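Trainee: I would like to learn how to read a model feature by feature. Where do we begin?

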Amino acid sequence: MELRKAKRSEATIKMALQGPSGSGKTYSSLLIANGLLSDWRKIAIVDTENHSAHLYSHLGNYNVLSLEKPFSPERYIEAISMCENAGMEVIIIDSISHEWEGQGGILDIHGNMVGNSFTNWSKVTPRHNAFVQKILHSPSHIIGTIRTKQDYVISEKNGKHVPEKVGLKGITRDGLDYEFTIVFDLDVKHHATASKDRTGLFMDKPQFMINNYTGKKIMNWCNPGENKDEIIHQINTAKSVDELRKIYLAYPLYQKELEERFLYRKNELTANTKIEEHGANSSQSL
């Protein structure tokens, strides 16, 4: 045993994106992955969604590992190991839901077992737990997507028991979301909100559209103090005030330290815009 100071440097993020079909889970995962790591060649998708990962190949030359049924925990573990051994630094599991309710997944395995149903859970639960531990202990950043469905409860109204909508529920084992550092909920308009966030970067903030700056913010949280030169380069090469604002929001830990650089570049961009507008107006008057 060894007692050491807590240090977040070189942490790897374990996060999930959950939402209904069409909410943009795969696309958003790729944008975050690109923000975490600029090298597409070290990003891989474990694809269980009928080769849908190939639809976004225009974004970059990332890698795809197609995982076919049966969707057992052991096959997921093997797929993650293959990506790790190939040097993948960001692994997207698209989706985790098949491990739970897909053909050959936990519910399917349990449903086909003979004997006492309660006792059988003690046999399949360790297999699911092994899959979860593989995610948590992976040296790579892990982004898992989770399908959701409308959840209902039975409530009493006017003496009658009626089903009542209570929101969307992730299609996976209850409590899995507690294992992740960040969980984003996506709606059908692709807006994201954080339902869990140990980083403090996104919790209780307004809904937003995920982009690669989202990944950069997370990477900056994982590795504080190591990206200063890169941030300065981004500031100096920003082409608009809007782009500069996104950089500012992506790196909250550097906002105070680099405030003068941000303001100087903002003034430069504002001045250039005024010059261009003046030139355009002069041309029109001629």
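Mentor: With burial. This is a predicted model. The general idea is that a residue counts as buried when its relative accessible area is under 20%. His128 has 3% relative accessibility, so His128 counts as buried.

Trainee: Which helix holds His128?

Mentor: His128 is found in helix 5, which covers residues 117–136.

Trainee: Which residues is His128 in contact with, leaving aside its neighbours within four places in sequence?

Mentor: They are Pro73, Glu99, Trp100, Ile106 and Arg173. A contact here means heavy atoms within 4.5 Å.

Trainee: Now Gln150. Is Gln150 buried or exposed?

Mentor: Neither label fits. Values between the buried cut-off of 20% and the exposed cut-off of 50% count as partly exposed. Gln150 has a relative accessible area of 31%, so Gln150 is partly exposed. Gln150 lies in strand 5. The C-alpha atoms of Gln150 and Pro20 are separated by 8.9 Å. Along the chain, those two residues are 130 residues apart.

Trainee: How do I read the chain overall?

Mentor: Take its elements, then burial, surface and contacts. The chain has nine helices and nine strands. Of its 286 residues, 43% are buried. The accessible surface comes to about 16300 Å², and carbon and sulfur atoms account for 51% of that surface.

Trainee: Among contacts between residues at least 6 apart in sequence, what share joins residues at least 24 apart?

Mentor: The share is 59%.

Trainee: Next, aromatic rings. How many aromatic pairs does a search of the whole structure find?

Mentor: The search finds eight. To classify a pair, look at the angle between the ring planes: over 60 degrees counts as edge-to-face. Take Phe184 and Phe208. Their ring centres are 5.7 Å apart and their planes are at 80 degrees, so this pair is edge-to-face.

Trainee: Where in the chain do Phe184 and Phe208 sit?

Mentor: Phe184 is in strand 7, residues 182–186, and Phe208 is in strand 9. They are 24 residues apart, so the pair links distant parts of the chain. Phe184 counts as buried because its relative accessibility is 0%.

Trainee: Which residues do ring pairs link into a cluster with Phe184?

Mentor: Phe202 and Phe208 join Phe184 in that cluster.

Trainee: Now pockets. What is the volume of the largest pocket?

Mentor: Its volume is about 380 Å³. Then read the lining. There are 17 lining residues, and the closest to the pocket centre are Phe202, Phe208, Lys217, Leu249 and Ala250. Phe202 and Phe208 also belong to the ring cluster.

Trainee: Which elements each supply at least two residues of that lining?

Mentor: Strand 9 (208–209), helix 6 (212–222) and helix 8 (241–250) do. Helix 8 gives the largest share, five residues. By class, the lining of the largest pocket has nine nonpolar, three polar and five charged residues.

Trainee: And the second largest pocket?

Mentor: Read it in the same order. The second largest pocket has a volume of about 250 Å³. Its lining has 13 residues, with Ser21, Gly22, Lys25, Thr26 and Glu49 closest to the centre. Helix 1 (25–36) and strand 5 (141–157) are the elements that give two or more residues to this lining.

Trainee: How many residues of each class does the lining of the second largest pocket have?

Mentor: Two are nonpolar, seven polar and four charged.

Technical notes. Residues numbered from 1 in each chain as written. Predicted model: local features only at pLDDT ≥ 70, side-chain atom pairs only at ≥ 80, totals over all residues. Heavy atoms only, no water. 1 Å grid on protein atoms, 1.4 Å probe; cavity = no way out; pocket = protein on both sides within 12 Å on 5 of 7 lines; lining within 4 Å. Points joined across faces, edges and corners; volume = space filled by probe spheres on them. Helix = DSSP H or I, 4+ residues; strand = E, 2+ residues; numbered from the N terminus. Nonpolar A, V, L, I, M, F, W, Y, C, P; charged D, E, K, R; others polar. Buried < 20%, exposed > 50% of the residue type's maximum accessible area, 1.4 Å probe, protein only. Areas by Shrake-Rupley, 256 points an atom, 1.4 Å probe, with all protein chains shown as cover. Phe/Tyr/Trp six-rings, centres within 6.5 Å; stacked < 30°, edge-to-face > 60°.
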